[in-house]
Amino acid sequence: MIWGIRSKTSSIITTMASRRPSSVKGDPIPFSPFSAITNSFTGFHRNWLSLRTKLGRVDNTWLRLSPSLKEKSVLRLDASIISAGLAQELKRFKIQNMSETDARVDFFDEMKQRFLSFKKQKYLGEVEHFKTLAKAQSPKFMVIACVDSRVCPSNILGFQPGEAFMVRNVANLVPPLENGRTETNAALEFAVKTLQVQNIFVIGHSCCAGIQTLMTMQDDENSSFIERWVANAKVAKLRTKEAIHLSFDQQCKHCEKESINCSLLNLLTYPWIEERVRKGTLSLQGGYYDFLRCTFEIWTLDFKESNVSHGSKLPVKDKAFWC
């Protein structure tokens with residue numbers, strides 16, 4: 001790079017020197033229109049001589065260049081050095097992030113293999129079934145589960161395509177009707193009124209971060225989206241606090257189950273759900289998955305118009321424990 005600069009500069013010097021009057025050859029240029037600028041660069045000659053020593057022998061004509069040309073050459077050299085530094089930094093950045101990029105590529109390659117395996121082993125073996133699903137869906141279940149990556153209902157309970165209309169939200173909550181519109185009650189309306197599902201299944205799980213947030217937040221705290229959302233289960237928190245002599249972990253587990261019961265009762269605040277439950281055309285179930293022990297509890301809301309109302313204790317039946 002430096003040799004290129006010196007060669008190009010020597011060429012410019014030779015051309016300029018050939019055009020100068022012989023009477024002033026060898027004399028410094030008496031006046032330059034840029035002298036007012038270059039005079040402000042004090043100590044320039046000392047720095048330049050140091051640079052000249054590093055570069056080696058320089059043609060004598062170079063010393064007769066105007067300060068402005070010297071300045072431009074030094075700036076070009078500085079820019080080259082800076083560019084080289086940026087290139088080295090970029091190289092280091094690429095090396096540092098190479099492993100992360102490779103990991104991402106490897107993961108998507110694995111996803112590709114999973115998809116191709118699904119297509120070969122599942123889809124192509126049941127092509128007619130998938131063609132039927134393409135025309136319409138008629139699931140028997142609506143599942144409301146948590147967004148937690150460890151508790152996929154289809155993976156745990158083996159739901160097949162077309163069997164369950166599924167909604168997943170933080171802490172698997174159903175807000176009451178009076179709390180206004182949400183994605184969850186929009187999905188409820190579609191599942192019950194349009195798809196005519198026969199079961200609504202609310203599934204909670206152990207170690208739920210949403211419930212832990214609910215149990216640690218103060219009653220007047222609702223500044224974040226998560227806090228405002230989990231506040232839908234504040235009744236479950238109050239009931240949990242009534243149970244004495246429980247550690248924090250025990251309180252969270254108790255609240256995880258209690259919040260499911262609150263969601264089942266909140267379902268009855270929707271008239272078009274309550275009507276179908278009363279008629280027996282819609283059943284409400286609760287489920288709890290403990291992934292530390294790989295156990296599953298399931299129960300059904302025992303609807304009796306005389307003793308079930310919003311905020312009351314949940315009467316259940318058909319409780320079962322799978323282990």
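**Exercise 1. Decide whether aspartate 148 is buried or exposed in this predicted model, then describe its surroundings.**

Step 1. Take the accessibility. The relative accessible area of aspartate 148 is 13%. The cut-off for buried is under 20%, so aspartate 148 is buried.

Step 2. Place the residue. Aspartate 148 sits in a loop, after strand S1 (141–146) and before helix H6 (153–157).

Step 3. List the contacts. With neighbours within four places in sequence left aside, aspartate 148 is in contact with Arg168, His205 and Cys207.

Step 4. Look for a polar partner. The side chains of aspartate 148 and arginine 150 make a polar contact at 2.6 Å.

**Exercise 2. Find which residues carry the UniProt feature "binding site", and work out how they are arranged in space.**

Step 1. Read the record. The unreviewed UniProt entry places this feature at Cys146, Asp148, His205 and Cys208.

Step 2. Compare sequence with space. The four positions are spread over 63 residues of sequence, yet they cluster: the largest C-alpha distance is 9.0 Å.

Step 3. Check the set against the largest cavity. Cys146 and His205 belong to the lining of that cavity.

Step 4. Add detail for cysteine 208. This residue lies in the loop between strand S3 (199–205) and helix H8 (209–216). Its relative accessible area is 2%, so cysteine 208 is buried. Beyond neighbours within four places in sequence, cysteine 208 is in contact with Cys146, Ala171 and Glu256. Cys146 is itself one of the residues named in the record.

**Exercise 3. Characterise the largest cavity by volume, lining and residue class.**

Step 1. Count the cavities. Searching the whole structure gives two cavities of 30 Å³ or more.

Step 2. Take the volume. For the largest cavity it is about 60 Å³.

Step 3. Name the lining. It consists of Ala145, Cys146, Val151, Pro153, Ile156, Leu157, Ile203, Gly204, His205, Tyr289 and Phe296.

Step 4. Map the lining to elements. S1, H6 and S3 each give two or more residues.

Step 5. Sort by class. Nine lining residues are nonpolar, two are polar and none is charged.

**Exercise 4. Establish which polar contacts the side chain of aspartate 290 makes.**

Step 1. Locate the residue. Aspartate 290 is in strand S4, which spans residues 283–290.

Step 2. Check burial. Its relative accessible area is 3%, so aspartate 290 is buried.

Step 3. Find the backbone partner. The aspartate 290 side chain reaches the backbone nitrogen of leucine 292 at 3.0 Å.

Step 4. Find the side-chain partner. Arginine 293 and aspartate 290 are joined through their side chains by a polar contact of 2.8 Å.

Step 5. Look further along the chain. Not counting residues up to four places away in sequence, aspartate 290 touches Ser206, Lys253 and Thr295.

**Exercise 5. Classify lysine 237 and alanine 134 as buried or exposed.**

Step 1. Start with lysine 237. It is found in helix H10 (residues 234–242). Its relative accessibility is 8%, so lysine 237 counts as buried.

Step 2. List its partners. Leaving aside neighbours within four places in sequence, lysine 237 is in contact with Leu214, Met215, Met217, Asp219 and Cys255.

Step 3. Turn to alanine 134. This residue is in helix H5 (residues 127–135). The relative accessible area of alanine 134 is 67%. The cut-off for exposed is over 50%, so alanine 134 is exposed.

Step 4. Add a distance. Alanine 134 and glycine 162 are 28 residues apart in sequence, with 9.8 Å between their C-alpha atoms.

Note on methods
Residues numbered from 1 in each chain as written. Predicted model: local features only at pLDDT ≥ 70, side-chain atom pairs only at ≥ 80, totals over all residues. Heavy atoms only, no water. UniProt positions renumbered as here; feature names shortened; annotations may be inferred. 1 Å grid on protein atoms, 1.4 Å probe; cavity = no way out; pocket = protein on both sides within 12 Å on 5 of 7 lines; lining within 4 Å. Helix = DSSP H or I, 4+ residues; strand = E, 2+ residues; numbered from the N terminus. Buried < 20%, exposed > 50% of the residue type's maximum accessible area, 1.4 Å probe, protein only. Contact = heavy atoms within 4.5 Å. Polar contact = N/O pair within 3.5 Å; in protein donor to acceptor, adjacent residues only side chain to side chain. Points joined across faces, edges and corners; volume = space filled by probe spheres on them. Nonpolar A, V, L, I, M, F, W, Y, C, P; charged D, E, K, R; others polar.
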